Structure formats: structure tokens, C-alpha cells
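Visitor: Could you take me through one part of this model close up? I'd like to see the sheet, strand by strand, and what sits against it.

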Amino acid sequence: MKKSGILNRHLAGALAELGHGDGVLVCDVGMPLPTGPRVVDLAFRAGVPRFAEVLDGLLTELVVEGATAAHEVREANPEAARLLAGLPGLGFVPHAELKELSAGARLIVRTGEARPYANVLLRCGVFF
């Protein structure tokens, strides 16, 4: 058994399959999940695990070259906006457009976050 890093076998395996340019949507429990992308649902109950915890764990495992979030996050969820502020190449689109873009993600990681707009689409980079 792994003693560090991501222990969820479904998530660890999905992350290992990602390549350059692949999209990973990290989302709250309210985000509609499109059919198509692989979904790893980590939600246990409202608020568990938090968006911040999942994003932090993913950022230790992934190289991210860009990110997209809903521009509504800046007013509706300042805490999530602060978490996203340091992401490379962060861009903002209307929430409706983020939902459309999520259909093109290769992986969706659903958190237990129950606050609005705690969603981000990460674009994978390469480590070299």
C-alpha cells in the first residue's frame, strides 16, 4: 500500500494516464457532470473533502500549464478565488462556458465542496 501521495486508487490511476494538454476539471458537488470524461467522485458528504484539499493534493501530483475558472468565482466565492490566484495561465470565462468546456476534460474530480463556483479546469503540462 502507498504511504504517501494520493491513496485513492481510481484517482491515482487516472492521473497516471494523463498527458500534455489533457484537461482535469476539479469541481464542487453542484457542478453538472457531462457524460464522456472519466469521473472520480471523492464526495463523502457536503464539504468533505473540501475543494482546497483536493486542489492542493492534485497540484502536488500534476504539472499544470494553464487553468480556467468561472469569472463569477471572484465575487461569489472569494476563498476559492484566492486558491486559484496562483495557478499558471489562469483565465476566466462565464460559468456557462466553463460547463461547456468541462465536456472536453479527460478527467473530472468531484469534491464534496458545497459552496458556489469552486470549480477549475486544469490543463496538464509536462515536467521537462
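Guide: Here's a walk through the sheet, from its overall layout to its middle strands and on to the helices and the pocket. Keep in mind that this is a predicted model.

Start with the layout. The sheet is open and has 6 strands, lined up as S2-S5-S1-S6-S3-S4, with mixed pairing. At the edges you'll find S2 (38-41) and S4 (90-93), and each of them has a single partner strand, so one side of each has no neighbour in the sheet. Going from one strand to the next, the twist averages 20°. As a general reminder, strands in a sheet pair through backbone hydrogen bonds, and they can do that parallel or antiparallel.

Now step in to S1, residues 23-27. Of its 5 residues, 5 are buried, so the strand is largely enclosed by the rest of the structure. You can follow that face by face: Gly23, Leu25 and Cys27 point to one side, Val24 and Val26 to the other, and all of them are buried.

S1 has S5 on one flank and S6 on the other. With S5 it runs parallel, joined by 4 bridges. Val24 has Leu107 as its bridge partner there, while Cys27 stands opposite Arg110 of S5. With S6, S1 pairs in the antiparallel sense, again over 4 bridges, and here Leu25 is partnered with Leu121.

S5, residues 107-110, is covered on both faces as well. Leu107 and Val109 lie on one side, Ile108 and Arg110 on the other, and all four are buried, the arginine included. Moving out towards the edge, S5 and S2 run parallel and are joined by 4 bridges. Leu107 turns up again in this pairing, as the bridge partner of Arg38.

On the other half of the sheet, S6 (residues 120-124) pairs with S3 in the antiparallel sense over 4 bridges. One pair to look for is Gly66 with its bridge partner Arg123 in S6.

While you're on S3 (residues 64-70), stop at Thr68. Is this threonine, Thr68, buried or exposed? Its relative accessible area is 17%, and buried means under 20%, so Thr68 counts as buried. Leaving out residues up to four places away in sequence, Thr68 touches Leu90, Gly91, Val93, Leu98, Leu101, Val120 and Leu121. Leu90, Gly91 and Val93 in that list belong to the edge strand S4, Val120 and Leu121 come from S6, and Leu98 and Leu101 come from helix H5.

That brings us to the helices. H5 (residues 95-102) lies across S1, S3, S4, S5 and S6, running at about 135° to S3. H1 (residues 9-16) lies across S2 and S5, at about 145° to S2.

Last stop, the largest pocket, with a volume of about 200 Å³. Its lining includes Leu15 and Ala16, which fall within H1, and Cys124, which is part of S6. Also in the lining are Leu18, Gly19, His20, Glu61, Leu62, Val63, Gly125, Val126 and Phe127. By type, the lining residues divide into 8 nonpolar, 3 polar and 1 charged.

Methods: Residues are numbered from 1 along each chain as its sequence is written. This is a predicted model: local features need pLDDT of at least 70, side-chain atom pairs count only at pLDDT 80 or more; totals for chains, interfaces and linings use all residues. Side-chain values use heavy atoms; hydrogens and water are left out. Helices (H or I, at least four residues) and strands (E, at least two) are DSSP runs, numbered from the N terminus. Buried means under 20% relative accessible area, exposed over 50%, partly exposed in between (1.4 Å probe, protein chains only). Contact means heavy atoms within 4.5 Å. Two strands pair if DSSP finds at least two bridges between them. Axes are lines fitted to C-alpha atoms, for helices over the stretch in contact, and angles run from 0 to 180 degrees between N-to-C directions. On a 1 Å grid over the protein atoms alone, a cavity is a set of points where a 1.4 Å probe fits but cannot get out, and a pocket is an open set with protein on both sides within 12 Å along at least five of seven lines; lining residues have an atom within 4 Å of a point. Grid points are joined across faces, edges and corners, and a volume is the space filled by probe spheres set on the points. Ala, Val, Leu, Ile, Met, Phe, Trp, Tyr, Cys and Pro count as nonpolar, Asp, Glu, Lys and Arg as charged, and the others, Gly among them, as polar.
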